[in-house]
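I am opening a fresh page for this chain, and I will write down what I look up in the order in which I look it up.

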Amino acid sequence: MFDSHAHVTFEQFDEDRDQVLARAGEAGVTGWIEVGTDVATSQRAATFARQYTGRPPHQVAVWASAGVHPSDIDSLTEEGWESLSELADDEAVVAIGEVGLDFYRGGTAERQVPVLERFIDLAMTKNLPVIFHVRDADQGPSAHEALLKLLASLPDSRRPRGVIHTFSGTQEQAAAYLQLGLMLSFSGVVTFKDAGQVADVASSMPIHRMLIETDCPFLAPEPHRSKRNEPAHVRLVAEHIAGLRNITAEEVITQTAANTKELFGIT
């Protein structure tokens with residue numbers, strides 16, 4: 001069982017990180033991707049992953065990604081770009097991310113799209129997939145539509161492989177992402193009573209294109225909603241999706257683990 005998106009190096013886990021690792025192993029989690037959100041957290045993620053990649057204490061192995069959350073790009077300097085490029089060559093780093101478009105906190109396409117284009121170029125240069133963060137504002141232009149427009153404009157040779165993490169779009173947008181070759185990942189949001197189209201997509205999309213995640217310490221699934229999330233809870237996401245699809249949890253766990261390994265080149 002793989003958690004395709006976690007932030008266990010965040011300060012919320014400083015007091016019990018070893019116990020979190022142990023609980024993950026006990027729950028059947030065999031690995032996760034520790035995701036960077038700026039230069040410093042990307043460096044921490046890579047350092048953390050080096051301790052576990054290929055040497056899985058607690059029966060858990062960890063890999064990392066390097067990127068800057070779209071809400072944090074104003075702090076990104078040329079020196080930061082150089083650091084991220086160096087991190088991308090680290091054997092523990094298997095993706096560029098999380099990067100993308102976030103209009104929820106006032107971000108705009110004019111500011112964020114050029115930075116995302118540079119991250120896509122970095123991913124293509126390093127032959128790594130992209131972990132896309134995409135969040136719409138309550139009103140105004142859609143971040144999902146802006147990303148779809150950008151990706152559709154790229155020639156096939158420059159279009160990255162990757163995943164839309166914590167997918168939050170419509171069924172039509174899901175179909176468009178899948179048509180462009182991307183995967184979709186589902187977090188605890190899919191377990192919420194107000195999941196809406198997110199649950200509809202999880203119930204009907206091709207399972208060989210699906211990942212599961214926690215995005216911990218955020219977005220804890222029911223019945224832990226509003227509490228701190230952790231990788232062990234990814235099983236609850238798998239179980240809920242299994243119920244939506246009328247299949248067994250083990251089918252979801254086995255297939256999404258295989259999908260995660262394929263996308264991130266994990267053997």
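**His165 and its surroundings**

I began with His165, which has 5% relative accessibility and therefore counts as buried, since the cut-off for that word is under 20%. I keep in mind that I am reading a predicted model. Looking up the place of His165, I found it in the loop between strand E6 (162–164) and helix H6 (171–179).

I then asked which side chain His165 joins in a polar contact. The partner is the side chain of Glu98, and the contact is 3.3 Å. Setting aside neighbours within four places in sequence, I listed what His165 is in contact with, and I noted His5, Glu98, Ile131, Phe132, His133, Ser185, Glu213 and Asp215. Glu98 thus appears in my notes both as a polar partner and in the list of contacts.

**His144**

Next I looked up His144, which lies in helix H5, residues 143–153. Its relative accessible area is 0%, so I entered His144 as buried. Again leaving out neighbours within four places in sequence, I found that His144 is in contact with a set of residues including Val134, Asp136, Ile164 and Phe167, and that Ser168, Gly169, Gln173 and Tyr177 also belong to its contacts.

**Met205**

My third residue was Met205, which I located in the loop between helix H7 (197–204) and strand E8 (210–212). Is Met205 buried or exposed? With a relative accessible area of 3%, Met205 is buried. Not counting residues up to four places away in sequence, Met205 touches Leu178, Leu184, Phe186, Met210 and Arg245. I followed up Arg245, and noted that Met205 and Arg245 are 40 residues apart in sequence, while their C-alpha atoms are 9.6 Å apart in space.

**The whole chain**

Stepping back, I counted 9 helices and 8 strands in the protein chain. Its radius of gyration is 17 Å, close to the 18 Å that the globule rule gives for 267 residues, so I wrote that the chain is as compact as a globular protein of that length. The C-alpha atoms fill a box of roughly 45 × 40 × 35 Å along the principal axes.

I also looked up burial for the chain as a whole, and 57% of the 267 residues count as buried. Among contacts with a separation of 6 or more, 75% are between residues 24 or more positions apart. My last entry concerns charge: the chain has 22 positive and 38 negative side chains, and the centres of the two sets lie 2 Å apart.

Technical notes:
Residues numbered from 1 in each chain as written. Predicted model: local features only at pLDDT ≥ 70, side-chain atom pairs only at ≥ 80, totals over all residues. Heavy atoms only, no water. Helix = DSSP H or I, 4+ residues; strand = E, 2+ residues; numbered from the N terminus. Rg over C-alpha atoms; globule rule 2.2 N^0.38 Å. Buried < 20%, exposed > 50% of the residue type's maximum accessible area, 1.4 Å probe, protein only. Contact = heavy atoms within 4.5 Å. Lys, Arg positive; Asp, Glu negative; His and termini not counted. Charge placed at Lys NZ, Arg CZ, Asp CG, Glu CD. Polar contact = N/O pair within 3.5 Å; in protein donor to acceptor, adjacent residues only side chain to side chain.
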